[in-house]
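These are my notebook entries on a single structure, written down in the order in which I looked things up. I kept to what can be read from the coordinates.

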Amino acid sequence: MSLIDVRKLDYSVGGPLLLEKVEFSLDPGERVCVVGRNGAGKSTLLKLLAGEIRPDDGEVRVSPGVVVARLAQEVPQDTTGTVFDVVASALGEIGALLGEYHHCTHSLEDEAGMRAMAAVQARIDALQGWDLDRRVTRVLSRLELPEDAGFDVLSGGMKRRVLLARALVLDPQVLLLDEPTNHLDIDAIAWLEEFIRSFEGCVVFITHDRRFLRALATRIIEIDRGALTSWPGDYDNYLRRREERLHAEAQATALFDKKLAQEEVWIRQGIKARRTRDEGRVRRLESMRRERSERRAQTGNVRMQLGSASASGRKVIEARNLEYAVAGRTLIRGFSTTILRGDRVGLIGPNGSGKTTLLRLLLGQLQADSGTLEIGTRLEIAYFDQHRVQLREDLSALDNVADGREFIEINGARKHAIGYLQDFLFTPDRARAPISALSGGERNRLLLARLFAKPSNLLVMDEPTNDLDVETLELLEEMLGEYAGTLILVSHDREFLDNVVTSTLVLEGEGRVGEYVGGYSDWLRQRSVPVAVRDREETPQPQPQAMQATPAKRRLSYKDARELEQLPARIESLEARMAELTRAMNDASFFRQGADEIVAANRTMASTQADLDAAYARWQELE
């Protein structure tokens, strides 16, 4: 039986219908990807499925008992509290009580705190909310989230993981994910892939990450000019069949337009046409005119042209033994590299590892603690900032790009500023609108338009792929492939890296920056070779004068050996004790005790858990 049925759904936001006569259903176990151009209505469709907005006509029929949860595209700015609070907030009143109880357990120094906790316990008992408390704890454990950490201090990737936990705590049968890979690093994207693959319900997701899409989708739903088409199979099958459909559509359109032109000639033949007029033919012509006027043209592609400057010097950047630390944490240690004119270098690393810091060091915007940096001559740098700070919120899209000029000069040719923005799919009205009204994809296109309007021979791009649709991504890849200057690119889009860069710098932790030939897939193959082996292969070693003695393994003392022998039994005993305490606390009668007994039980459990952690650590050390 279908989980959700959509029947003859219409939805508009002014102008032509955004979604027109849409029909489809969702079945258990499906992983459905929604594709389409920016502004086609993908996020709107997910909001309709979640019941957050209502259709103008038609219906979204959710089967009885089916729970639908949605992960929004953007992190809400007003979200506050601990991770536990944010996740539990999805459960309404009970969630708020569980969050309050969680805070009470951390403040039991006085009688007032104990009384407050007892009062919250009573209210949770009345609402039978302890099962939901266990569900919150289970979800936090599954997603490896720190329950007491403040939400506002987390990285962008961790915030999105918390919001995913908030959706999962509802125990949904249908999970809606809007651009879930935005702002996630490569390791987090790989984790999310495995999570979605193991999810037992139905997943509907929107993504611009083609490798993520290929790995997960079992069905593709395309939104194009208000119509929805379902394509079974994988992404490559969809691309092939879409091209066949567009080719057939172009042929049918050309034939229709030719027939219409012939009929228009006939109706204008004057006296001869009036003398032999066929009223049926006239009505058919009027019908064809209506059909032609209602035709919705396919959204055009962005037409990008990158302003190029005169060639830079052969050596663009040379770094030797750079060291950089922040607040006692070493981000870059002993880093050396040489970037030559025409190189295309990708930067890979987890969120917070220091990719943007490394970029700024290489550009001379930050001073290294030690080491030398030499920047080449005749450099004209264009910088794409992932936070879009170069865009002024108080100006229109036109003023952000043209800076008050009427014409823009690119590679010696003058172009009207409005016409230039139309190449980036901005209508004249949209170009004059304040950028506060623009979507994330439109803002990224606007920043690209601003960037490419200026001549450059060193292009630095920090996460340029977020929010761009697939067609624009592919065009950007093609344009960067033809760029005559030097490119330094930070991205978590694995396919984009493979298609654009020729070498990679990888932040591998503890300040180490590895340098590899090729893109992301090449790095994966090379990193599978142990670092020591790779270094020996790359660096010729002198022949040893004599065989060196292999250091002997350190033997355990008699006392340590006895301790190692006894540790498994101790760990087993502690685990049994933890299981016993957990069963007691999960019993409803546990919370009918006095506050002193509850506090003592909590302290016993914390002490036992600490002993268990210490035993595991000691066992690992001795092993």
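**Entry 1, hairpin of β8 and β9.** I began with strand β8 (residues 219-224) and strand β9 (residues 227-232), and I found that they pair in the antiparallel sense over six bridges. To fix the register I looked up one residue pair, and noted that E222 stands opposite T229 in β9. I then checked the turn of this hairpin, where two residues lie between the strands and R225 takes a positive phi near 55 degrees. I add here that I am working on a predicted model, and I read every value below with that in mind.

**Entry 2, β10 and its two partners.** I next followed strand β10 (residues 315-326), which pairs with strand β11 (residues 329-340) in the antiparallel sense over eight bridges. Within this pairing I looked for the bridge partner of E318 in β11, and it is T338. The hairpin of β10 and β11 again caught my attention at its turn, which has two residues between the strands and in which A327 takes a positive phi near 50 degrees. I also looked for a further partner of β10, and found strand β13 (residues 370-375), which pairs with β10 in the antiparallel sense over five bridges. Here I noted that I317 stands opposite I375 in β13.

While still on β10 I came upon N321, whose place is in this strand, and which has a positive phi of about 55 degrees although it is not a glycine. I recorded N321 as partly exposed, because its relative accessibility is 47% and the partly exposed class runs between 20% and 50%.

**Entry 3, other positive phi values.** I then turned to E179, a residue other than glycine with a positive phi near 50 degrees. E179 lies in the loop between β6 (174-178) and α7 (186-198). Is E179 buried or exposed? I count E179 as buried, because its relative accessible area is 7% and the cut-off for buried is under 20%.

At helix α1 (residues 42-50) I listed the buried residues, which are K42, T44, L45, L46, L48 and L49. Just after α1 I found G51, which takes a positive phi of about 80 degrees.

**Entry 4, V174.** I went back to strand β6, where V174 has its place, and I wrote V174 down as buried at 0% relative accessibility. Which residues does V174 touch, once its neighbours within four places in sequence are left aside? I found contacts with L3, I4, L26, V66, V67, V68, A69 and C202. I also took one C-alpha to C-alpha distance, and V174 and A50 are 9.1 Å apart in space while being 124 residues apart in sequence.

**Entry 5, two helix residues.** I looked up R450, whose place is in helix α16 (residues 440-452). R450 carries a charged side chain by class, and I noted it as buried, with a relative accessible area of 14%. Not counting residues up to four places away in sequence, R450 touches Q390, L391, N400, V401 and D403.

I set beside this E621, which is found in helix α22 (residues 595-622) and which counts as exposed at 57% relative accessibility. From C-alpha to C-alpha, E621 and L564 are 9.6 Å apart in space, with their positions 57 residues apart in sequence taken as the separation.

**Entry 6, cavities.** I asked how many cavities of 30 Å³ or more there are, and the count comes to two. The largest cavity has a volume of about 80 Å³, and 13 residues line it, of which T181, H208, N466, H492 and D493 lie nearest its centre. Sorting this lining by class, I obtained two nonpolar, eight polar and three charged residues.

**Entry 7, totals.** I closed with the protein taken whole, in which I counted 22 helices and 20 strands. Buried residues make up 45% of its 623 residues. Of the contacts with a separation of 6 or more, 67% come from residues 24 or more positions apart. The accessible surface comes to about 32400 Å², and 49% of this belongs to carbon and sulfur atoms.

Notes: Residues numbered from 1 in each chain as written. Predicted model: local features only at pLDDT ≥ 70, side-chain atom pairs only at ≥ 80, totals over all residues. Heavy atoms only, no water. Buried < 20%, exposed > 50% of the residue type's maximum accessible area, 1.4 Å probe, protein only. Contact = heavy atoms within 4.5 Å. Pairing = 2+ DSSP bridges. 1 Å grid on protein atoms, 1.4 Å probe; cavity = no way out; pocket = protein on both sides within 12 Å on 5 of 7 lines; lining within 4 Å. Points joined across faces, edges and corners; volume = space filled by probe spheres on them. Areas by Shrake-Rupley, 256 points an atom, 1.4 Å probe, with all protein chains shown as cover.
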